[in-house]
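Please find below a colleague's note on the structure shown here. The points are numbered for ease of reply.

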Amino acid sequence: MQKRTAHRWRMASLMITGVVFALGSFWLVQVINRGDDAAQGDVPKSEPDYIVEKFSFVRMTLAGQPRYIVSGDRLTHQPSDDSLDVEQPVVLNLGETQPQPPMTMRARRAHIDQARSVVQLMGDVDIQRPQQGAVKSLALKTEALTLYTDEDRMETAAPSVLALGTTTVEGAGMKANNATGQFNVQGRSQLKFAARAR
């Protein structure tokens with residue numbers, strides 16, 4: 001009888017020890033998982049989640065036509081606001097209105113706000129549009145330019161030099177609408193016309 005009781009106590013103590021070890025293991029796994037979650041939560045949201053070298057992408061219109069082609073040396077995605085930072089960007093505006101020729105925009109850097117469809121070009125901004133039919137050639141140089149891609153317009157508060165055909169306009173800032181062909185020069189400006197041939 002005593003042997004049976006001793007055997008039962010040994011079995012009970014083994015089972016209790018097994019349960020304690022199982023609960024201890026479960027608790028340890030939970031603590032480790034919480035530590036991993038906390039460590040991931042400590043990672044700053046400002047850190048980029050992907051970087052692409054020598055990239056090119058096409059933005060389409062609602063009708064499925066190519067609208068913009070953006071390329072550059074390096075693209076960095078910021079997950080905090082779903083924006084893109086681009087080094088040595090080249091933006092080719094294919095335009096929706098005909099017969100507007102394509103416009104090529106270059107800069108040292110760009111910040112693309114995808115949610116608002118806004119592109120900020122910074123550093124040695126150079127825009128070129130060739131002459132095509134009745135549409136005059138266009139060249140614009142400035143240090144900073146904001147493009148509103150959905151509205152096909154751009155603006156800058158920085159000094160800028162705009163050449164439209166043979167006419168050159170220098171101003172402290174500028175607003176332009178590529179779709180309508182309207183330009184508005186801000187602040188003090190200087191207008192130069194090419195001399196007419198006699």
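The points below treat the chain as a whole, then its strand pairings, and then selected residues.

1. Status and overall composition. The model under review is predicted. The protein chain contains 1 helix and 12 strands. Read from the N terminus, the order of elements is α-β-β-β-β-β-β-β-β-β-β-β-β, with the helix thus placed ahead of the strands.

2. Burial and surface. Of the 198 residues in the protein chain, 29% are buried. The accessible surface of the chain amounts to about 13,400 Å², and carbon and sulfur atoms contribute 57% of that surface. Among the contacts with a separation of 6 or more, 35% link residues 24 or more positions apart.

3. Strands 1 and 2. Strand 1 covers residues 50-60 and strand 2 covers residues 66-78. The two pair in the antiparallel sense over 10 bridges, and Ile51 has Thr76 of strand 2 as its bridge partner. The hairpin formed by these strands has 5 residues between them. In that turn, Gly64 has a positive phi of about 90°.

4. Strands 2 and 3. Strand 2 also pairs with strand 3 (residues 83-87), in the antiparallel sense and through 5 bridges. Thr76, already named as the partner of Ile51, stands opposite Asp85 in strand 3. The hairpin of strand 2 and strand 3 has 4 residues between the strands, and Asp82 takes a positive phi near 55° there.

5. Strands 2 and 4. A further antiparallel pairing, over 4 bridges, joins strand 2 to strand 4. Here Ile69 stands opposite Leu92 in strand 4.

6. The surroundings of Val91. Is Val91 buried or exposed? This residue, which lies in strand 4 (residues 90-93), is buried because its relative accessible area is 4%, under the 20% limit for burial. Leaving aside residues up to four places away in sequence, Val91 touches Tyr68, Ile69, Val70, Met103, Thr104 and Met105. Val91 and Met105 are 14 residues apart in sequence, while their C-alpha atoms are 5.0 Å apart in space.

7. Strands 5 and 7. Strand 5 (residues 103-106) and strand 7 (residues 118-129) run antiparallel and are joined by 3 bridges. Within this pairing, Arg106 stands opposite Asp126 in strand 7.

8. Strands 6 and 7. Strand 6 (residues 109-113) pairs with strand 7 in the antiparallel sense, over 5 bridges. The bridge partner of Ile112 in strand 7 is Val119. The hairpin of these two strands has 4 residues between the strands, and in it Ser117 takes a positive phi near 55°.

9. Strands 7 and 8. Strand 7 also pairs with strand 8 (residues 138-148), in the antiparallel sense and over 10 bridges. Ile127 stands opposite Leu140 in strand 8.

10. The aromatic pair. Which arrangement do the rings of Phe55 and Phe57 adopt? A search of the whole structure finds 1 aromatic pair. The ring centres of Phe55 and Phe57 are 6.1 Å apart and their planes lie at 20°, so the pair is stacked; the cut-off for this class is an angle under 30 degrees. As regards exposure, Phe55 is buried because its relative accessible area is 8%, whereas Phe57, with 28%, is partly exposed. As background to this point, in a regular strand the side chains alternate between the two faces of the sheet.

11. Arg153, Tyr148 and Asn178. Arg153 lies over the face of Tyr148, at 4.0 Å from the ring centre. Arg153 can also be placed relative to Asn178: the two are 25 residues apart in sequence and 5.7 Å apart in space, C-alpha to C-alpha. Asn178 is found in the loop between strand 11 (167-177) and strand 12 (182-192). Although in a loop, Asn178 counts as buried because its relative accessibility is 7%.

Technical notes: Residues are numbered from 1 along each chain as its sequence is written. This is a predicted model: local features need pLDDT of at least 70, side-chain atom pairs count only at pLDDT 80 or more; totals for chains, interfaces and linings use all residues. Side-chain values use heavy atoms; hydrogens and water are left out. Two strands pair if DSSP finds at least two bridges between them. Buried means under 20% relative accessible area, exposed over 50%, partly exposed in between (1.4 Å probe, protein chains only). Contact means heavy atoms within 4.5 Å. Accessible areas come from the Shrake-Rupley method with a 1.4 Å probe; for residues, only the protein chains shown count as cover. Rings of Phe, Tyr and Trp (its six-membered ring) pair if their centres lie within 6.5 Å; planes under 30 degrees apart count as stacked, over 60 as edge-to-face and the rest as tilted. A charge sits over a ring if NZ of Lys or CZ of Arg is within 6 Å of the ring centre and within 35 degrees of the ring normal.
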